[in-house]
Amino acid sequence: MKTLLINRIRRISIPIVITCLLLGAILAGCAPAAPQPAATENASDQVTAFPIIPGTPRFKIATTTSLYDTGLWNYLEPMFEKKAGVKLDIVYAGTGVALEYGRRGDVDAVVVHDPAAEAKFIADGYGINKRSFAFNHFLIAGPAADPAGIKDLTPEQAFKKIYDAGMLDPDKVKFISRGDNSGTHSKEKLIWQAAGLKYEDVQKSGPWYIEAGKGMGPCLLMASEQGSYILADISTFLAFKSKVNVAPLVEKGDLFLNVYDVIEINPEKVKTAKMLPTAKAFTNWLMSDEVQDLIAGYGVAEYGRPLFNPLKGGGCAEAGCPKLEDYTVPVQ
Amino acid sequence: MQEIWRALVQAVNLIISLDTEVVQISLRSLYISASSIIIAALFCVPIGSLIHFHDFRGKRVVINVIQTFYSLPTVVVGLLVFLFISRSGPLGGLELLFTPAAIIIGQVILIMPMLTGMTIGALRGVDKTIRDTALSSGAGTAQAIRAILFEARFAVVGVLILGFGRAISEVGAALMLGGNIRGYTRVLTTAISLETQRGDLVLSLALGIILIGIAMVVSVIMNILLQRY
C-alpha cells in the first residue's frame, strides 16, 4: 500500500517537475517585460531604473577608486550622458582590476593612474588613444607625533626611515600598504625602489609592514586606528581628513606626481569593445575646456582647495608631467 | 556609539522624506532578490520534492552534497559567474556582466542548494503522518501530494523567507557581477559597501536599517498570507 502510493506520486511528480522547470525558464526569459515597480521619478527614468537586460547598449568604463570615492564621477556622469545621449555605466576598482576588465572586454574605456601598467596595457595592444586629463599628488601621512621622524623629508628618505624604525620597533612604527595592485600600490613600490630597497624584501620584512588589500578610504581609516604611516593620494586624503586621525607629513617630492589617464579599449584586439566612437567622444570631452574647468573647481567649496588639478593651460610643470599633445590633441 | 543613534535618525529621515535615490535602490534590491527567490523556488521546490519522493542509490550522498553547498561563499559564486559571463567568457556574447540580470544569476546559484535541501527537510517533517492519513482515508495520488504540500506550507514558506534573506543581504556577488553602477545595478548592500568605503558610516548604517526593515515587511506579509490560506 505504502509503496503503491510512492509509485503513484513518482509517476505524477516527474511531469510536475518538468512543467515547473519549463515555467521557470519561461518566466526568467519574460522577466524584462514584467511590469516595473513604480519609481518616484519621471517616466523616462522609470524605464531605465529597473531593467534586467538592457534594451540599448550602455557605455561602460572602469575607473580608479579615488576619482569615484571623492564623488567626481557622480558629478560628471549626468553631463556626459546628456551630451552624448548614452547611458554611462561606471564601475570602480583599483587600476590593476580596472585594466583586467579592459583586457576581458567588459568595459569600453578605463580611467587609471599607473604609468608603467598603462604602458604595458598599450604595448600589449589592448589600449589605444591614451590621453591625460587631470593630476594631483600623493603624500605620506601618519601619526602627528611622527615616531619615525619623517616630517618634510623626501618621499624616498621618509620610506627608508620608516623601514629602519619599523624593523627596530614594530609596535611603535607601522606602515599600511594598499597591497591591491592599484595605482597607489604601484607608486609605493616605486618609492621603495627609489629608497634603495627591494619591494619583495620590504613586503616580508616584519610585522611593521601591513598589507591591507583594501581601497584608499578603508586604508586611511585603518591607519588612523593603528597609528600607522600610509601613502595616500591627496584627493582621498582630503575627503577623509575630518574622519581620520593622521596628519600629512611628507607632501613634496618628484615621485609624488599622480596623473590620471583615460585609455580606450582597442576593438581590433578586444572584439567585444563596440563603443569606440563613444569612447573617443568621452576622451575628448574629458580634455574639453568645459570639463577641465569643472575639475579645477571640484571640491573647492567643501575642502578649500581642488581635489584634482586640470591639465589645461599647462598647470602641470614638474618632471614627469604629460606632454602637451597628451592632453590637448583630440582623439580622431 | 553615537553613530548608531544618528544612523537610526537618518534611516527614519530617509524613509519619511522618500529620498528618491534611496527609494530606487531599495526597490531595486527588492525586485532583484524577489526575482532570484521566485526563479530559484521554481527550480528548487520541485527538485527537492523529486529527491524526497524517490528512493534511489546515493540519495544520502546527494543530500549531503547539497547541504555542503549551503556554505557556498558569495564571492566564490561571484567569481565563477563572472568568469562565465565576462565578455571573454563562454557566455560573454549575452553581455550580462554589470547588469541586474547578472546579480540575479549569482543570487539564484547562491540560494539554490539551501532551497533544495531545506525543501527536502520540510517535506520530510510532515510526510509520514500525512501519507498514512491520506491513505487510510482513501485519497488519490494527486490529493495525497496536495495534502503533503499543504501540510508543509509553513516550513516551505519559511525556507523561501530564509532564501530571500540570504539573497537580499549578500554583497559579494552583487558587487562583483553588478558592479554597483549608480541608477542601474546599485542595491542596498553594495550601496552600504560603497558608503563604508567612502567613510560615511552613518549613512551605511541607515541603509542597513532600511534593509532590515524591508526584510521584516516581506516576512510579515508572507506570514499574514499564510494565516489566511
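The following legends describe close-up views of a predicted model with chains A and B.

**Figure 1. Overall make-up of chain B, an all-helical chain with ten helices and zero strands.** Read from the N terminus, the elements of chain B follow the order α-α-α-α-α-α-α-α-α-α. The C-alpha trace of chain B extends over about 65 × 45 × 30 Å along its principal axes. Chain B comprises 229 residues, of which 44% count as buried. When contacts in chain B between residues at least 6 apart in sequence are considered, 75% of them link residues at least 24 apart.

**Figure 2. Helix 2 of chain B and its kink at A41(B).** Helix 2 spans residues 20-53 of chain B and contains 34 residues. The distance from its first C-alpha to its last is 48 Å, close to the 50 Å expected at 1.5 Å a residue. The helix nevertheless bends, with a kink of about 35° centred on A41(B). Because 26 of the 34 residues of helix 2 of chain B are buried, this helix is largely enclosed by the rest of the structure.

**Figure 3. Surroundings of A40(B) in the largest nonpolar core.** A40(B) belongs to the residues with the most contacts inside this core, together with V110(A), I162(A), L220(A), I230(A) and A102(B). The core as a whole has 146 residues. Its largest share, 16 residues, is supplied by helix 5 (residues 100-136) of chain B. Domain 1 (56-136 + 258-328) and domain 2 (138-256) of chain A both contribute residues to the core, which therefore lies between them. Once neighbours within four places in sequence are set aside, the contacts of A40(B) are V108(B), I111(B), M112(B), L115(B) and G163(B).

**Figure 4. Helix 9 of chain B and the elements that cover its buried residues.** Helix 9 occupies residues 188-198 of chain B. Buried positions in this helix are L188(B), T189(B), T190(B), A191(B), I192(B), L194(B) and R198(B). The cover over these residues includes elements of both chains: helix 3 and helix 10 (216-226) of chain A, and helix 2, helix 7 (153-169), helix 8 (172-178) and helix 10 (201-228) of chain B. After helix 9 of chain B comes G199(B), which has a positive phi near 90°.

**Figure 5. Contact between domain 1 and domain 2 of chain A.** Chain A is divided into domain 1 (56-136 + 258-328) and domain 2 (138-256). Their C-alpha centres are 26 Å apart. Across the boundary, 21 residues of domain 1 of chain A are in contact with 17 residues of domain 2 of chain A. On the side of domain 1 that touches domain 2, the elements giving two or more residues are helix 3 (65-69), helix 5 (95-104) and helix 6 (115-123) of chain A. Helix 3 of chain A provides the largest share of that side, three residues. By class, this side of domain 1 consists of seven nonpolar, eleven polar and three charged residues.

**Figure 6. Chain A, with helices and strands.** Chain A has 15 helices and ten strands. Of its 332 residues, 43% are buried. Among contacts in chain A with a separation of 6 or more, 72% are formed by residues 24 or more positions apart.

Methods: Residues are numbered from 1 along each chain as its sequence is written. Chains are lettered from A and ligands numbered from 1 in the order in which they are written. This is a predicted model: local features need pLDDT of at least 70, side-chain atom pairs count only at pLDDT 80 or more; totals for chains, interfaces and linings use all residues. Helices (H or I, at least four residues) and strands (E, at least two) are DSSP runs, numbered from the N terminus. The expected span of a helix is 1.5 Å times one less than its number of residues. The bend at a residue is the angle between axes fitted to the seven residues ending there and the seven starting there. A residue is buried if 20 or more other C-beta atoms lie within 10 Å of its own, exposed if 12 or fewer, and partly exposed in between; C-beta atoms are placed from the backbone. A nonpolar core is a set of buried Ala, Val, Leu, Ile, Met, Phe, Trp, Tyr and Cys residues joined through C-beta atoms within 7 Å. Domain bounds come from an automatic or database domain assignment. Two residues are in contact if their C-beta atoms, placed from the backbone, lie within 7 Å. Ala, Val, Leu, Ile, Met, Phe, Trp, Tyr, Cys and Pro count as nonpolar, Asp, Glu, Lys and Arg as charged, and the others, Gly among them, as polar.
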